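Let's take a walk through this structure together. Keep the view open and follow along as each part comes up.

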Amino acid sequence: MPFMFGKKTRVGIDVGTYQIKFLELNRSKGEITFLYREELPFEIAHGKVEPEKRKAYLQERLKKLFSRFPLDKKQVVPLMQSEALFYKYIELPQMKKSELAVAIPIEAKKYIPYKPEEMSLTCSVVPPIEAGKPRHGIVITGAPRYLVEEQMQLYQAIGIKPVTFDIPSAAMNRVYRPEPEAKEKAVVLLNAGAKYTNVSIAKAGYIYFSKDIPLGGNDFTYALEIGSGYDTEEAETYKRNLDLNEKTETHLIPFLQKWAEQIKRIIHFYNNRIAGKSSPVSEIFFSGGCALFTGLDRYLCSDGCLHS
């Protein structure tokens, strides 16, 4: 969650499918302090209630958590995740900052999937992927305004006005600490959650590609439900204890293959359309709840081109 703002400390909130997590972000020290995590009730986590009831429950829990912890409501940075998020790396010729300020919005219009007035956009200047290249690297990040407004309503109703929103790629990149000799290597930072899997490609401390795919742990649970006749709670428990290195449930295979194929397609796109020969991906780092799913990584690394 961003350290790019004036105040020294921010409150990071991640309202996920299964959990609520609170973090304290210290900008001056570059530290992230984990404050609190709680599991959501089964009915809330698994969509067994109406969306409005879930929203009301989350608001009530957030109110109680802010009363429990002495946190500044004016310094809140929630995490936002959706397949509608937009992330694009482009390059422009070297030019003055004043010229870049004019050129970037014009160039961004060529790539964003919505009308400019329907998007909330931010742009950052980063080093070009190919070191020493006389170009500006530009990262364009955006979210549909309806999504931002939807998230704002969740928090404003309980007296919280977020200063900004963070996205999974930035959060993962912040905690990724490569060894000095590996800093220039391109790696995949994979966050596999319940509803989404975020695939981000980082190099030298910068994210050059990021995409959310709408597949995650819930899909694997569903596969076990329909294939084995478990109810949702039983399927979830079985999944958490399943070792794919020892046993693969037949009905899971199509879901696992689809998940792996989409991730490999993203890596292939990056290697061939963005990085070229300069820095192809060779490693994957797993995070998120699905990272505990033993043996899941072999579906990505079975061809020997990647290792986790």
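Start in helix α7, where R240 and E236 sit four residues apart, about one turn of the helix. An α-helix has 3.6 residues a turn, so residues three or four places apart point the same way. In this predicted model, the two side chains form a salt bridge, with 3.1 Å between the closest N and O atoms. How exposed or buried is each partner? R240 counts as exposed because its relative accessibility is 53%, and the cut-off for exposed is over 50%. E236, at 6%, counts as buried, since that is under 20%.

That salt bridge has company: the structure holds eight of them. Have a look at K110 and E107, whose side chains also meet, at 3.1 Å from N to O. Here K110 is exposed, with a relative accessible area of 58%, while E107 is buried at 15%.

Now for a pair that reaches across the chain. R135 and E91 meet in a salt bridge at 3.8 Å, N to O. R135 belongs to strand β7 (residues 135–144) and E91 to strand β5 (residues 86–93), so this pair, 44 residues apart, links distant parts of the chain. R135 is partly exposed, at 29% relative accessible area, and E91 counts as buried at 18%. There's a third member to find as well: K133 joins E91 and R135 in a network of salt bridges.

Next, head over to helix α6, which covers residues 217–228. How far apart should its ends be? With twelve residues at 1.5 Å a residue, the helix should span 16 Å, and its end C-alpha atoms are indeed 16 Å apart, so the two agree. Now check which parts of α6 are tucked away: G217, F220, T221, A223 and L224 are buried. These residues cover an arc of only 155° around the axis, which means they lie on the same side of α6. And what do they pack against? The buried residues of α6 pack against α7 (232–241), the helix where we began, and α8 (253–275). Just after α6 ends, G229 takes a positive phi of about 80°.

Let's finish with the strands, and with β9 (residues 197–203) in particular. It is mostly covered, with seven of its seven residues buried. In a regular strand the side chains alternate between the two faces of the sheet. You can follow that in β9: T197, V199, I201 and K203 point one way, N198, S200 and A202 point the other way, and all are buried.

Which strands pair with β9? One is β8 (residues 187–192), which runs antiparallel to β9 and is joined to it by six bridges. To see one of these, find L190, whose bridge partner in β9 is V199. Together β8 and β9 make a hairpin with four residues between them.

The other is β10 (residues 206–213), again antiparallel to β9, with seven bridges joining the two. Here T197 has I213 of β10 as its bridge partner. These two strands form a hairpin too, with two residues between them, and in it A204 takes a positive phi near 55°.

Definitions and conventions: Residues numbered from 1 in each chain as written. Predicted model: local features only at pLDDT ≥ 70, side-chain atom pairs only at ≥ 80, totals over all residues. Heavy atoms only, no water. Expected span 1.5 Å × (residues − 1). Buried < 20%, exposed > 50% of the residue type's maximum accessible area, 1.4 Å probe, protein only. Arc of directions from axis to C-beta. Contact = heavy atoms within 4.5 Å. Salt bridge = Lys/Arg side-chain N within 4 Å of Asp/Glu carboxyl O. Pairing = 2+ DSSP bridges.
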